[in-house]
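Student: Please take me through a close look at a single part of this model, setting out the terms you rely on as you go.

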There are 8 protein chains.
Amino acid sequence: MLLTEILENLYQQKLTPEQALQKLNGFPYEDLDFAKVDHARELRRGTPEVVFGQGKTTRQILQISRSILKKGSNLLITRLSVEAYKDLKRQLPQGKYNELARSLTVIKKKPAAGRGPIAILTAGTSDIPVAEEAAVTCDFLGNDVIKIFDVGVAGLHRLLSHYDELQQARIIIAVAGLEGALPSVVAGLVKAPVIAVPTSVGYGASFHGLAALLAMLNSCPGGVAVVNIDNGFGAGYLASLINHLE
Amino acid sequence: MLLTEILENLYQQKLTPEQALQKLNGFPYEDLDFAKVDHARELRRGTPEVVFGQGKTTRQILQISRSILKKGSNLLITRLSVEAYKDLKRQLPQGKYNELARSLTVIKKKPAAGRGPIAILTAGTSDIPVAEEAAVTCDFLGNDVIKIFDVGVAGLHRLLSHYDELQQARIIIAVAGLEGALPSVVAGLVKAPVIAVPTSVGYGASFHGLAALLAMLNSCPGGVAVVNIDNGFGAGYLASLINHLE
Amino acid sequence: MLLTEILENLYQQKLTPEQALQKLNGFPYEDLDFAKVDHARELRRGTPEVVFGQGKTTRQILQISRSILKKGSNLLITRLSVEAYKDLKRQLPQGKYNELARSLTVIKKKPAAGRGPIAILTAGTSDIPVAEEAAVTCDFLGNDVIKIFDVGVAGLHRLLSHYDELQQARIIIAVAGLEGALPSVVAGLVKAPVIAVPTSVGYGASFHGLAALLAMLNSCPGGVAVVNIDNGFGAGYLASLINHLE
Amino acid sequence: MLLTEILENLYQQKLTPEQALQKLNGFPYEDLDFAKVDHARELRRGTPEVVFGQGKTTRQILQISRSILKKGSNLLITRLSVEAYKDLKRQLPQGKYNELARSLTVIKKKPAAGRGPIAILTAGTSDIPVAEEAAVTCDFLGNDVIKIFDVGVAGLHRLLSHYDELQQARIIIAVAGLEGALPSVVAGLVKAPVIAVPTSVGYGASFHGLAALLAMLNSCPGGVAVVNIDNGFGAGYLASLINHLE
Amino acid sequence: MLLTEILENLYQQKLTPEQALQKLNGFPYEDLDFAKVDHARELRRGTPEVVFGQGKTTRQILQISRSILKKGSNLLITRLSVEAYKDLKRQLPQGKYNELARSLTVIKKKPAAGRGPIAILTAGTSDIPVAEEAAVTCDFLGNDVIKIFDVGVAGLHRLLSHYDELQQARIIIAVAGLEGALPSVVAGLVKAPVIAVPTSVGYGASFHGLAALLAMLNSCPGGVAVVNIDNGFGAGYLASLINHLE
Amino acid sequence: MLLTEILENLYQQKLTPEQALQKLNGFPYEDLDFAKVDHARELRRGTPEVVFGQGKTTRQILQISRSILKKGSNLLITRLSVEAYKDLKRQLPQGKYNELARSLTVIKKKPAAGRGPIAILTAGTSDIPVAEEAAVTCDFLGNDVIKIFDVGVAGLHRLLSHYDELQQARIIIAVAGLEGALPSVVAGLVKAPVIAVPTSVGYGASFHGLAALLAMLNSCPGGVAVVNIDNGFGAGYLASLINHLE
Amino acid sequence: MLLTEILENLYQQKLTPEQALQKLNGFPYEDLDFAKVDHARELRRGTPEVVFGQGKTTRQILQISRSILKKGSNLLITRLSVEAYKDLKRQLPQGKYNELARSLTVIKKKPAAGRGPIAILTAGTSDIPVAEEAAVTCDFLGNDVIKIFDVGVAGLHRLLSHYDELQQARIIIAVAGLEGALPSVVAGLVKAPVIAVPTSVGYGASFHGLAALLAMLNSCPGGVAVVNIDNGFGAGYLASLINHLE
Amino acid sequence: MLLTEILENLYQQKLTPEQALQKLNGFPYEDLDFAKVDHARELRRGTPEVVFGQGKTTRQILQISRSILKKGSNLLITRLSVEAYKDLKRQLPQGKYNELARSLTVIKKKPAAGRGPIAILTAGTSDIPVAEEAAVTCDFLGNDVIKIFDVGVAGLHRLLSHYDELQQARIIIAVAGLEGALPSVVAGLVKAPVIAVPTSVGYGASFHGLAALLAMLNSCPGGVAVVNIDNGFGAGYLASLINHLE
């Protein structure tokens with residue numbers, strides 16, 4: 001019995017207030033919310049659910065994907081290995097796979113456009129896969145992306161030569177492993193919020209991205225938001241959320 | 001000699017290109033930039049520099065504060081202990097001190113208004129000082145603040161009863177110690193970006209906020225930006241930056 | 001407007017279903033739930049809320065305590081330092097303070113009795129304050145407590161000489177710092193579930209209780225539940241919950 | 001020589017008290033206890049020993065299993081990989097293998113029934129293998145299990161829609177990786193004790209389950225018992241122990 | 001009833017074997033063992049129990065000390081602060097206090113002599129308090145001690161100039177903070193077992209002795225035994241145990 | 001030129017004191033010492049050098065082994081994988097390989113006998129490889145070994161049933177993973193020094209042996225020496241050193 | 001448009017100062033700097049860029065290498081696996097590959113000579129690959145190298161026998177895993193600056209080089225510079241920089 | 001008896017070679033080396049020993065200081081608190097105390113001059129005490145110092161405006177807490193070796209300087225040497241060593 005039915009029945013006095021209360025007990029957390037949230041998600045973000053491919057079987061991924069597509073929604077699968085993609089390929093022929101980003105997308109309806117360009121920077125070339133995941137996500141959610149790769153602090157001039165693009169960007173995603181200094185330097189140069197993505201690029205005392213993560217959390221200039229190590233999707237999603245604020 | 005003077009002199013041929021080059025060598029990084037950045041900062045953020053009071057002597061704080069006020073700027077001093085405030089009081093009589101937030105403000109001109117309300121949530125009452133620092137910062141930078149305190153996940157209904165305010169907020173700052181679950185739960189409920197602030201509230205295996213920090217970095221729902229432990233100022237600053245995006 | 005009022009108004013057709021839906025939107029999470037949870041808590045646990053004294057001002061503690069007592073509930077304040085107690089003493093003259101446990105209790109109505117005795121063990125004498133906090137909590141919630149202190153694994157015979165009491169206990173709380181081996185040894189001897197409480201007793205490589213915590217999480221025999229370092233209250237509360245299961 | 005024989009011989013004065021003392025020296029720890037504990041274990045838990053398959057050779061597993069089955073006991077092998085199972089299959093044809101849970105069971109006699117249903121929750125789909133291990137263990141030990149999977153805090157409504165089942169459960173096992181917030185949220189909703197199982201699901205700053213583990217140890221609401229990362233068996237065993245308390 | 005009494009009664013047929021069994025059930029772990037262990041401890045180590053002063057009240061220390069002295073045993077109190085000693089002084093006038101070692105001793109009977117000298121080395125002067133605790137312990141337990149302080153690896157010649165004493169020592173205790181290299185170097189020079197004691201001397205990346213501890217655990221030459229950070233007593237006790245092996 | 005030659009030449013006035021000083025400068029550290037240490041090692045330990053096989057190529061191992069055997073010494077290669085052994089087999093036909101211990105030995109002359117038996121205990125069956133490495137090492141160095149496996153604290157009676165053997169052992173090596181409680185329990189029962197070997201057996205919060213390591217370093221009873229995680233060789237070597245003390 | 005052109009145009013009044021300012025805005029960070037830095041790098045270090053091979057595809061490495069060689073520069077590729085080298089071999093036939101050091105070099109012009117010899121020490125044989133990387137780097141950058149391997153502190157005489165070479169070295173690189181004591185011992189013996197390279201050699205509590213890293217950071221004697229774990233290249237590069245100081 | 005006396009006596013045949021050998025046994029490590037090292041230290045570094053004041057009593061500091069001054073050497077005491085200085089003041093009236101650097105110096109003879117200026121940079125004002133310790137050390141050891149404070153990456157222009165001074169510096173010491181990015185940025189700009197000093201400035205996830213330390217160890221550009229957290233003295237000493245290389 002749906003909430004609206006309960007209310008209707010109460011209005012028509014087919015239920016007493018006591019009976020209605022009993023039915024409502026624990027109810028609104030349930031179907032109403034379920035429907036409401038889902039609907040809202042669809043309306044405001046253009047996608048009902050993003051599929052995190054890692055740790056799922058090809059079959060699980062396929063079932064969830066079909067369920068999403070059946071509702072007419074766009075589809076984004078992240079952390080989809082080349083091997084898994086090969087298995088899925090035939091069943092999802094409409095899917096566009098980005099090997100660097102390990103992501104697959106199906107666009108059925110154009111997402112709402114973000115308000116300005118999102119710049120995605122990397123400190124080195126090894127950080128590019130994480131940046132590409134962020135880029136695919138931003139693009140999937142309707143944002144324009146400016147990619148500026150390999151501009152780490154070891155050669156500051158490389159970064160500074162892109163000063164104009166940095167100024168134009170509405171939001172900046174800065175992806176870096178090793179000492180993770182890029183977001184700090186960028187945040188000191190521009191007015192845009194900077195989303196810092198530590199990567200596991202490095203060895204030894206990088207401790208799989210911990211060094212970069214801690215550096216970013218301690219960023220001296222204000223305006224730096226940190227996400228999890230290697231979380232390109234999270235950075236892209238957060239950037240898009242901000243970029244769609246009215 | 002200012003950059004504009006150099007250029008003017010060159011134009012008027014009072015300098016040769018060689019002389020100008022010599023003067024410019026290393027220059028533009030200096031005064032021009034210094035001025036430019038300062039100016040830009042002033043224009044877009046309403047304050048030239050925020051004073052981090054901790055670890056500075058009263059005298060150092062006073063000198064920096066006067067230099068800021070002399071330029072006609074607003075002043076924000078964070079992490080200013082009650083003791084330090086008592087010392088400063090007479091010399092900065094116009095300062096408004098918030099004891100919970102350990103912050104002092106002087107407003108000389110009204111800051112540009114943010115575009116929507118920023119909701120600041122805490123999981124418990126012990127998280128309030130960090131939240132207040134965020135609130136003071138938001139307010140100082142021209143944003144409206146909605147405070148919703150003590151709505152941690154131990155009693156979900158307390159949070160859910162503020163559902164409307166959460167929906168209205170343009171940006172949400174969620175402050176939590178212990179298991180740090182509040183930002184995850186909030187991010188699953190609303191469309192606004194959530195800035196997660198772990199606090200050092202707790203004992204034992206909270207490891208001075210590490211538990212909350214890690215939880216927030218691993219937040220399952222998208223749209224969560226993490227800042228350093230107890231960094232209320234950083235959260236407020238980031239929120240304001242986003243809230244002033246045009 | 002209360003939920004029952006909304007339903008009543010709807011039943012009497014003073015509201016249309018649409019108007020009711022609007023009023024209900026976000027509502028039931030609020031007062032109804034708030035009341036329900038509180039009430040349930042009261043009914044099944046004998047206390048509406050336990051006050052964690054640490055990090056609260058004497059005034060805050062007093063306000064919350066009075067609010068609890070006014071409802072006719074029993075009162076438990078944990079982590080209440082001797083200094084704080086001295087301040088509270090006159091205003092809460094009916095409070096019984098346990099200095100070792102740093103806890104204050106006011107019993108206004110007898111709590112529901114637990115089904116069997118709870119044995120509380122410590123490895124050493126320095127673990128006793130944590131054990132006492134657990135004991136006060138168990139007692140406050142209506143459980144019989146058997147205290148067996150200083151029975152660490154350095155002298156196994158001390159533990160084994162209490163074999164009968166261990167067998168009789170329905171639930172065992174084992175409190176230990178240093179190498180934290182006590183819960184493992186006890187769990188190998190008895191059928192009762194063992195709640196393991198690591199303490200920060202020790203120095204050097206005990207890392208403030210981390211060594212004991214890790215040991216307990218890796219306990220070889222089954223049936224060991226771990227709580228946070230020094231969390232005597234949590235252990236007592238969990239034990240009581242299990243002991244009141246019908 | 002058995003203890004009863006020693007006593008009989010002493011009673012019949014075939015041994016002097018001195019001789020008996022000598023024989024008893026170190027003795028009762030030995031065979032008597034060995035037998036007693038074994039017997040007790042059998043009587044109260046329905047299984048003499050659970051075989052932890054990981055790190056054991058197929059041959060070792062087989063020998064232990066046969067020794068257990070020969071005594072007429074039920075058999076549970078945990079952490080048994082598919083490969084190891086394939087090797088064992090023919091020699092243990094009566095074994096029932098659960099691939100998700102990586103567990104094999106042989107039931108020769110019905111275990112004593114637990115007193116109420118145990119609900120097993122997971123935050124995500126990747127947590128299911130750990131939850132299945134807990135489920136197999138609960139089932140093996142005579143408990144009814146309610147499985148509620150994929151109800152993490154990112155979509156609170158999914159959890160709340162199972163409110164009734166949560167209320168009916170006598171004990172709840174909450175399995176979660178990433179930020180590990182599920183047990184905290186559940187413990188705030190129900191009266192049942194909650195056994196929290198952190199999983200190694202996640203990447204980067206999840207540090208192989210450390211983030212979830214710390215979160216659970218710092219759980220704000222009372223009544224949460226924590227076990228080791230990925231320890232589904234331990235959670236099921238603990239739950240069953242509690243569920244069989246008389 | 002003592003074990004010998006039970007056996008005697010059984011022998012005299014005042015008890016049946018069944019009655020005896022009942023009385024023995026759980027018994028031998030108890031009083032017999034208690035007495036036996038205590039007695040053995042006394043016989044082989046010359047002290048019934050060492051009092052760890054830290055975290056105990058003056059009164060607790062006094063009670064335990066008197067109980068030990070009453071049995072005619074020697075007394076060692078470790079980690080006894082100067083303040084605590086001042087309180088105890090009058091009540092334990094026979095106590096000899098070593099301020100550097102923070103230890104108090106009362107010798108009532110000469111302990112059994114160890115078989116050879118124990119050399120105690122420190123890397124620096126700040127490690128001396130820990131070394132003194134080891135020295136007091138060794139001396140208290142009947143061992144000759146050779147102290148060689150401030151011979152860290154920064155000036156190898158200082159260590160090498162004591163080569164003869166190192167060769168004569170039966171056991172060597174090497175105490176070091178900072179990089180903790182002393183035990184490794186010493187173990188490469190001599191045949192004696194080396195007991196390595198990391199100290200919390202240092203700052204920054206010494207992490208309160210963790211650096212020295214890890215170094216010692218990874219000692220390349222064989223024959224190095226490690227104890228806890230700052231555990232001078234433990235090192236002395238272990239050395240004495242080895243030195244009294246027959 | 002040897003030291004004795006320099007002195008002889010000086011005595012015979014073929015060198016002036018100044019020339020001798022020059023030749024001595026830096027000298028004694030060199031060849032003399034090299035020979036002396038080597039010789040001493042041979043005399044007192046029965047083996048010139050133990051080969052750590054891990055991380056060395058088969059060829060490197062072979063060269064070092066031959067050099068050792070050529071001197072007439074016994075040979076011990078530790079951490080020699082089955083694969084590496086297969087490669088070495090033909091070239092070292094006299095080698096005796098212990099697969100569990102991953103060790104190869106060649107005995108050319110009987111080592112000096114240790115003074116008493118060394119007991120080697122394990123908590124579980126998975127700890128046996130580390131224990132076997134210790135056993136091979138003890139045996140290689142001339143010690144009698146008593147193996148007592150699978151006597152972890154989960155079933156105390158299993159340990160206690162070996163009480164006599166524990167009492168007879170001159171030194172005890174206790175090998176344990178998980179919570180690492182075995183050495184603490186054993187040290188509380190016997191007078192022998194206990195060498196504690198943490199193993200990496202476990203998962204999750206065992207953190208590859210860290211939990212066991214910390215537990216052992218915090219061992220409450222005195223007389224526990226700790227070596228590195230999985231360091232069976234180090235434990236055996238240390239035990240033998242102690243066992244050969246005159 | 002180059003900076004000099006702008007200035008020239010301004011001088012010739014082809015640009016107004018306003019136009020020049022606009023062109024200069026953000027400019028000098030860009031192309032000028034880009035060129036300048038590159039040029040300086042080439043002039044002072046003899047190589048435009050070192051290629052870090054790890055994590056790059058063969059094709060990426062080849063492209064970068066060709067671009068470097070085309071400019072007439074020398075080429076150094078570090079962390080180039082044997083597999084990757086096999087792929088590259090034919091396309092870079094002039095490359096000289098050092099398998100131990102996993103490095104490839106192409107020398108087209110002789111680098112500027114360093115001022116004195118650089119000694120490279122290792123504690124053990126397993127540290128040699130890291131040392132070889134340092135050696136290849138030093139050699140590539142024009143320095144003479146003295147290799148002194150396997151001189152760890154377990155046998156001090158081995159190190160001391162090389163005292164003369166240590167004294168002659170202008171800079172010393174000390175490579176060590178396990179307890180990482182070598183740099184401390186060396187720094188106490190010589191006047192040269194010591195560059196300490198921790199390696200991941202070891203197991204258990206070496207925590208992949210953390211133990212050695214911490215030891216080196218806490219080195220008691222002054223004059224020790226630390227680089228990242230296994231960073232042979234970094235050590236060689238730093239040594240060469242110092243060795244080329246005028 | 002001195003080494004020269006032994007040799008003289010041998011030459012004069014007052015000693016036989018056997019007697020000389022006996023006297024030499026263990027000797028040369030001793031006085032000869034002791035004298036030699038001391039002398040060398042004096043010659044090349046201008047100070048026989050630097051006194052680390054922390055953890056020493058005023059009396060110990062005074063005794064060591066007097067012993068150093070008596071030899072005619074210069075004196076440097078580091079980590080000397082204001083309180084300790086007040087106690088020492090009268091007894092060391094010639095001492096010059098730097099309160100920020102917490103260092104006391106006495107210059108009795110001019111130290112050998114370093115070859116070029118050493119630039120000391122800080123990221124923020126709170127890093128100045130560590131930088132001052134480095135500056136005092138550099139100055140004490142005969143080096144010219146250029147101080148450039150508060151040039152952290154949050155405002156890059158501040159650093160770039162000192163480009164000329166950076167270029168002129170022979171060695172750069174970069175002191176930074178928080179994200180510790182300064183050394184990386186500087187190393188990318190100049191040819192001088194950069195000594196990176198992490199400081200404990202910060203809070204939360206700076207973990208007392210760990211974040212900065214890890215960042216510096218992972219510095220992307222080559223040529224960065226890292227010292228311990230807050231180790232200003234170590235940085236100054238290392239810089240001076242390099243600056244005095246011939």
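Tutor: Packing is judged here by contact, which means heavy atoms within 4.5 Å. Helices (H or I, at least four residues) and strands (E, at least two) are DSSP runs, numbered from the N terminus. The model is a predicted one, in which local features need pLDDT of at least 70 and side-chain atom pairs count only at pLDDT 80 or more, while totals for chains, interfaces and linings use all residues. Residues are numbered from 1 along each chain as its sequence is written, chains are lettered from A and ligands numbered from 1 in the order in which they are written, and side-chain values use heavy atoms, with hydrogens and water left out.

The part I have chosen is helix α4 of chain E, residues 58–70. With 13 residues at 1.5 Å a residue, α4(E) should span 18 Å (the expected span being 1.5 Å times one less than the number of residues), and this agrees with the 18 Å that separates its end C-alpha atoms. The residues of α4(E) that are buried (under 20% relative accessible area, with exposed over 50% and partly exposed in between, for a 1.4 Å probe and protein chains only) are Ile61(E), Leu62(E), Ser65(E), Ile68(E) and Leu69(E). Seen down the axis of α4(E), these buried residues fall within an arc of 130 degrees (taken from the directions from the helix axis to the C-beta atoms), so they line one face of the helix. An α-helix has 3.6 residues a turn, so residues three or four places apart point the same way.

Turned away from that buried side is a face of α4(E) that carries the exposed residues Arg59(E), Gln63(E) and Lys70(E). The buried residues, for their part, pack against β1 (51–52), β2 (75–78), α5 (82–88) and β4 (103–106) of chain E. After α4(E) comes Gly72(E), with a positive phi near 80 degrees.

Elsewhere in chain E, strand β5 (residues 118–122), helix α6 (residues 128–140) and β6(E) make a β-α-β unit that is right-handed (with the strands pointing away from the viewer, the path from the first strand over the helix to the second runs clockwise). β5(E) and β6(E) pair (DSSP finding at least two bridges between them) in the parallel sense over four bridges, and Leu121(E) stands opposite Ile148(E) in β6(E). In β6(E), residues 145–148, Ile146(E) and Ile148(E) make up the covered face, whereas Val145(E) and Lys147(E) make up the uncovered one.
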